[in-house]
Structure formats: C-alpha cells, structure tokens
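Here is a set of questions and answers for a reader who is meeting this structure for the first time. Each answer sets a value beside the rule that gives it its name.

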Amino acid sequence: MTLTLTPRQARLTALGAQGLVKGRPGSPNTKSVGRILQRLQLLQIDSVNVLSRSHYLPLFSRLGPYDTAVADRLASKAPRRMVEYWAHEASYIRPELFADLRTVQSRVWMTAHSLQPELKERLSAEILGLLADGPPLTAREIAAKLGGVQARDSGNWGWNWSASKRVLEDLFASGLLSSAGRTPQFERIYAPTAAVHPAGAAALEPADPRQAVLRLTELAARAHGVGTIRSLADYFRLPQRETAEAVEQLEREGRLRRVDVAGLRSPAYLHADAIIPRKSSARALLSPFDSMVFERKRLESLFGFRYRLEIYTPPLKRCYGYYVLPFLLGDQFAARVDLKADRYNRALLVQAAHREDNAPTHTAVELAAELRMMADWLGLHDVIVKPSGNLASELKLAVCRE
C-alpha cells in the first residue's frame with residue numbers, strides 16, 4: 001500500500017533529513033561538524049567569495065557560529081574526515097564515498113579529450129612523477145616546474161587553461177591525484193591520492209559500478225528524506241536510468257518506500273529510516289550551493305519557492321540580485337536576501353531583501369537576528385540594509401533594533 005504524505009509532512013521530512021528542523025546546538029565543535037557531514041555526505045565547493053566560501057555556509061546554517069578552522073583541519077590534516085572530489089559538483093566528501101564516486105562518474109569530469117594523445121600521455125607521466133617525488137604543489141607551481149610544456153593550447157577552451165592544467169584536472173577527475181589542502185587564495189594543492197586519502201593506496205581500488213550506484217542512491221535518499229528519482233540522481237550527479245534501477249532494488253529490499261505527495265508529479269520515495277518531524281523551529285540563511293536547494297524543481301514543488309542563481313545573469317536582468325540566499329523560517333522559505341561582505345568597511349551589506357508571499361509577520365525580525373549572527377560570525381561590525389526589495393524598509397528597522 002502506497003503511503004500518502006501531506007505537503008507539510010514532505011517538507012518537514014526533507015528539512016529533517018538535512019538537519020534543518022531544530023535549533024542550533026550550543027558550542028559547535030569538531031564532532032558537531034562531523035555529524036553534519038555524516039548527514040549531508042558532501043559540502044559543495046565554489047570559488048565565489050562575495051560573502052563566504054560556499055562550503056562554510058551549510059555548516060553555519062545548521063550549527064550557528066562555529067570556527068571555520070575546524071572544517072579546514074578536517075580537510076587538510078590527517079586523518080582527513082573530508083576529501084575533495086567531484087560529487088554534485090566539486091565538493092568536500094566523506095572519504096568513504098570516494099571509490100564509489102570515482103567508479104561511476106570520473107569520466108564525466110574529464111577535460112583534456114582534445115589534446116594530442118602523445119602530449120597528454122607525456123604530461124600525465126611528468127606531473128605524476130613530479131608529485132610522487134616532491135611536495136604537494138598548486139597548478140601554477142606545477143606548470144612552472146614543467147617549463148616549456150605549460151604553454152596554452154590553441155583550442156577554444158572555455159577558461160583557456162594551459163595544457164598542463166587540463167591534464168592535471170583529468171588526473172584529479174580520474175582519482176589519481178587529490179587535494180592536500182588549499183592556499184589562502186583558495187588554489188587547490190595537488191598530491192597523489194594515496195598520500196592524501198585516509199585509506200592510502202586502497203582508496204584507488206575500483207568499486208563494482210552497480211553496487212556503487214546502489215550505495216550512493218541510498219545515501220542520497222537518506223539526505224533527502226523524501227525525493228523523486230530525478231532529485232536522488234541529482235544529488236551525486238548519477239545517471240538517471242541506473243538510479244531508477246537502484247531505487248527499484250532498494251524498494252524491493254524495504255530500504256525505500258514509495259509515497260504519494262500532493263504537488264509532486266513524479267513518484268516519490270521515503271527512506272525507511274526517515275523521520276517525519278511534527279514541526280520545525282528552523283531559522284537559517286542557506287547558501288546558493290546548499291544541498292537543501294540543489295534540485296530547484298523539487299524545491300519549488302515542495303515549498304512553492306522558485307529559486308534561480310543569478311550570478312551569471314546580466315545585472316539589468318536579475319530579479320533578486322547577485323548572491324541571493326534563501327531564508328528558511330519554520331518549514332517555509334519566507335524571504336531571500338542578496339548579501340555581500342564588505343570586508344574593508346567590516347559590514348554585511350544587504351543589497352536587496354524580498355519577502356515571499358504568505359511569509360510570517362515576524363519574518364523581518366527573525367531575519368534581522370540571523371543577519372546579525374552571520375555578521376558577527378564573519379567578523380563584520382555592521383549590517384547595512386539597502387533600499388531595494390519589498391522587505392527592505394521593514395528589515396532595516398528590525399536591524400536597527402537588534
């Protein structure tokens with residue numbers, strides 16, 4: 001018999017699975033960060049730093065003010081609790097996922113296909129030899145040590161990377177190289193995977209492709225609570241056909257249960273261990289790269305919240321702003337704010353603030369408190385609300401009262 005969930009039950013289940021229904025714990029520490037990573041499985045990485053590095057924000061959304069040095073240590077100090085690899089996009093992942101992700105999707109991220117085979121083979125051997133015999137290096141350091149072979153190729157490559165950079169990224173995508181850390185400028189520092197991964201050379205042992213998809217699909221289902229095949233596949237960028245087959249097997253084994261949810265056109269699946277909370281006391285600003293908002297169609301179907309990233313939209317065509325964060329209040333997305341950290345003047349700038357339809361009357365007050373908390377966490381003294389958006393005036397008054 002198919003279980004039926006109300007839209008609110010589905011929303012609460014999704015938020016609960018993502019660790020977004022309860023208030024923040026006091027004094028977050030290494031264990032707290034580890035528990036969030038265990039729940040989410042990954043933290044997406046992005047180079048945009050207009051507010052904060054994207055992988056720091058999901059932890060703040062769930063833990064409140066915490067020391068980002070904790071996350072840095074988990075990714076750079078042995079034994080590492082986070083390693084870099086391709087997941088939803090470039091991400092910090094739990095080390096246990098590396099072999100499965102490498103098995104099912106490494107070729108998707110390869111970039112040096114158009115290079116001459118002889119050049120690619122020679123560069124691969126030289127880069128691997130250089131890193132095997134020396135310390136971890138950035139892409140620029142590697143190119144400099146390789147001398148004349150780093151000249152930019154003449155192809156129509158989007159970022160006009162050098163040939164060595166393209167081969168280096170292929171070696172990373174293939175799993176032979178990993179990240180030993182990041183520079184202050186957020187450049188990846190490359191090293192052999194066996195020297196970085198907690199499992200050493202054993203991390204490079206291939207996984208069975210079908211079992212890898214099965215395991216990753218179940219982990220995606222745990223992180224979703226309730227989700228469609230499309231959203232489950234999207235979490236780790238798995239092929240939809242193989243994901244659908246994995247869902248069928250997980251359903252037969254009782255690890256997933258098919259459910260009906262009003263508003264979802266496609267069948268949805270509830271993980272056997274999912275909890276349906278009775279209420280949510282959440283108050284959080286979510287990064288544009290937060291796993292809660294990965295799959296935009298699911299977000300719109302469950303929450304009635306249409307959200308698009310407008311970083312690459314021409315300024316005059318943007319609806320809400322450049323770096324817009326959804327504001328979660330209870331079990332609904334009540335507002336969205338375009339934020340920027342003005343580090344020189346030590347101010348958190350609210351470039352625009354928009355209220356959603358049916359937002360609670362206390363949205364501005366709660367958002368002001370959240371913005372003040374975020375500003376303090378980022379080491380910023382002021383919160384400045386600019387007069388843009390239908391919530392700006394009310395939010396400015398609320399911020400002044402904080």
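The questions below deal with a predicted model, and they take up helix packing, empty spaces and backbone geometry in turn.

Q: Why is helix H14 called oblique to helix H15?
A: The axes of H14, residues 363–377, and H15, residues 392–401, come within 8 Å and cross at roughly 55 degrees. Angles under 35 degrees count as roughly parallel and those from 65 to 115 as roughly perpendicular, and the value of roughly 55 degrees falls in neither class, so H14 is oblique to H15. The crossing of these two helices, H14 and H15, is right-handed.

Q: Which residues make the contact between H14 and H15, and how do they divide by class?
A: On the side of H14 the contact is made by Ala364, Val365, Leu367, Ala368 and Leu371, and on the side of H15 by Glu394, Leu395, Ala398 and Val399. The residues of this contact divide into 8 nonpolar, no polar and 1 charged, and Glu is among the types that count as charged.

Q: What makes helix H5 oblique to helix H10?
A: Helix H5, residues 98–105, packs against helix H10, residues 209–224, at an angle of about 120 degrees, with their axes 9 Å apart. Because the roughly perpendicular class runs from 65 to 115 degrees and the roughly antiparallel class takes angles over 145, the value of about 120 degrees belongs to neither, and H5 is therefore oblique to H10. The crossing of H5 and H10 is left-handed.

Q: Which residues bring H5 and H10 into contact?
A: Asp100, Leu101, Thr103 and Val104 of H5 meet Pro209, Ala212, Val213, Arg215 and Leu216 of H10. By class, this contact of H5 with H10 has 6 nonpolar, 1 polar and 2 charged residues.

Q: What lines the second largest pocket, and which element gives the most to its lining?
A: The second largest pocket, which holds about 810 Å³ of space, is lined by 32 residues, with Gly16, Ala17, Gly19, Leu20 and Arg39 lying nearest its centre. Helices H1, H2, H3 and H10 and strand S11 each supply at least two residues of this lining, and H2 gives the most, with 5 residues. The lining of this pocket divides into 12 nonpolar, 11 polar and 9 charged residues.

Q: Why is the largest cavity called a cavity and not a pocket?
A: The name is given because a cavity is a set of points where a 1.4 Å probe fits but cannot get out, whereas a pocket is an open set. A search of the whole structure finds 1 cavity of 30 Å³ or more, and about 70 Å³ of space lies in the largest cavity. Among the residues lining this cavity are Gln18, Tyr235, Phe294 and Arg298, and the largest share of the lining, 3 residues, comes from helix H11.

Q: What makes the backbone stand out at proline 79 and at glutamine 41?
A: Most residues other than glycine have a negative phi, and most peptide bonds are trans. A cis peptide bond, with omega about -10 degrees, joins alanine 78 and proline 79, and proline 79 is found in the loop between helix H4 and strand S3. Glutamine 41 has a positive phi of about 80 degrees although it is not a glycine, and this residue is found in the loop between H2 and strand S2.

How values were computed. Residues numbered from 1 in each chain as written. Predicted model: local features only at pLDDT ≥ 70, side-chain atom pairs only at ≥ 80, totals over all residues. Heavy atoms only, no water. Axes fitted to C-alpha atoms, helices over the stretch in contact; angles between N-to-C directions. Helix = DSSP H or I, 4+ residues; strand = E, 2+ residues; numbered from the N terminus. Left-handed = near helix turned anticlockwise from the far one by under 90°. Contact = heavy atoms within 4.5 Å. 1 Å grid on protein atoms, 1.4 Å probe; cavity = no way out; pocket = protein on both sides within 12 Å on 5 of 7 lines; lining within 4 Å. Points joined across faces, edges and corners; volume = space filled by probe spheres on them.
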